[in-house]
Amino acid sequence: MSLFTLPTSTLPAAIGYSMPAEWERHASTWLAWPHKLESWPGRFELIPPIFARFVKTLARFERVNVLAGGTAVMAKAQGMVGDVPNVTLHDIPTNDAWVRDHGPTFLVGLDQLPPALVDWQYNAWGGKYPPFDLDNDVPRRIAEVTDRQRFSPGIVLEGGAIDTNGRGTFLTTEQCLLNPNRNPKLSRTDIEQYLAGYLGAKKILWLGEGIEGDDTDGHIDELARFVGPRTVVAVVEEDPADANYRPLQDNYKRLQHMTDEDDRPLEIVPLPMPRPMHYEGQRIPGSYCNFYLANGVAVVPEFGDPSDARVNETLAKLLPDREIVAIPARDLFWGLGAFHCLTQQEPA
């Protein structure tokens, strides 16, 4: 944990911008239509119908913007969601569908400040899945479409690597943000200064490692999420023989000793992990933390697991002003991500 002074007056935070919490009011959700067969090898045909159901669910609650660049991708998206009210398709091409990670971080600002976003560099989780040039250009294209000021830090950061309570406290992991495959020349202090200067971070809460099968090197949206200014849900593995038991216990114990930006203790609520899932010998990184909060709704991954109902009941109590909508996610997770990974919120 670290407290520090915000950097120079030319950076977004000093001007009056910050990253809001996901549960704050949205203007829209941004998505990218799935089209990369290699992301769901052997099961891609199952993905567009699930994605279309997700789009239609969100569109009941807020505007949905879908990147669907190129003739073939646009035609598929038009055929499945083109007539859905509240949905806009954009001819902006992508390499893949994970807009949480390659999309911008939208900012909110003090009165009179123009709308703005942060355009991080994107290298497909440490150069794992080239090419990624189209994905890296997505924030610039969205800035043009939305007429937002664009701040470009010049460092690699994925949206799934950070979570905030909207008041200056951020969650992240050492395994991801300190990984040499992202920003090898930056120290922990350097990373904290970037988060302070560009997102308004006042305090960084560092967890350790992620779960087995997660190719993002420990994204926080598989591990722990803010659902209130001082309330965090965190997944725990109950089987001591499972590979995820030790890292998740370590993260949970760290959280129990952490405090918010005002040094008040956090309320930590455990969520179970789904039973282990494998496909073609590979562990699938399924996690109930990969939910998404839109206006009036929480879209939660469903695994056909005994823990599904318990998770939905827990989130319903923590988020009483939201409808809990569970959508099957086992096939999505074969692509190593789900609803949170597929979304980027644009604040109102």
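Reader: Does Ile284 count as buried or as exposed in this structure?
Author: This is a predicted model, in which local features need pLDDT of at least 70, side-chain atom pairs count only at pLDDT 80 or more, and totals for chains, interfaces and linings use all residues. Residues are numbered from 1 along each chain as its sequence is written, and side-chain values use heavy atoms, with hydrogens and water left out. Buried means under 20% relative accessible area, exposed over 50%, and partly exposed in between (1.4 Å probe, protein chains only). Since the relative accessibility of Ile284 is 7%, the residue counts as buried.

Reader: Between which two strands does the loop with Ile284 lie?
Author: Helices (H or I, at least four residues) and strands (E, at least two) are DSSP runs, numbered from the N terminus. On that basis, the loop that holds Ile284 lies between β16 (282-283) and β17 (292-294).

Reader: Which residues does Ile284 contact, leaving aside neighbours within four places in sequence?
Author: Contact means heavy atoms within 4.5 Å. With those neighbours left aside, the contacts of Ile284 are Met277, His278, Tyr279, Phe333 and Trp334.

Reader: What is the mean pLDDT of the protein chain?
Author: pLDDT is the predictor's confidence in each residue, from 0 to 100. A value of 70 or more is reached by 98% of the residues, and the chain mean is 96.

Reader: Over which residues is the pLDDT below 50?
Author: The stretch in question has 28 contacts in the model beyond near neighbours in sequence. Its pLDDT is below 50 over residues 1-7.

Reader: Which strands stand at the edges of the open sheet β12-β13-β14?
Author: Two strands pair if DSSP finds at least two bridges between them. The three strands of this open sheet follow the order β12-β13-β14, with mixed pairing. Each edge strand has a single partner, so one side of each is left without a neighbour in the sheet; these strands are β12 (224-228) and β14 (267-272).

Reader: At about what angle does helix α10 run to β13?
Author: Axes are lines fitted to C-alpha atoms, for helices over the stretch in contact, and angles run from 0 to 180 degrees between N-to-C directions. Helix α10 (residues 245-256) lies across β12, β13 and β14, and its angle to β13 is about 160°.

Reader: How many disulfides does the structure hold?
Author: A disulfide is a pair of cysteine sulfur atoms within 2.5 Å. The number held by the structure is zero.

Reader: How far from the sulfur of Cys176 is the nearest cysteine sulfur?
Author: Cys176 counts as buried, at 0% relative accessibility. Cys176 is in no disulfide, and the nearest cysteine sulfur, that of Cys341, lies at 12 Å.
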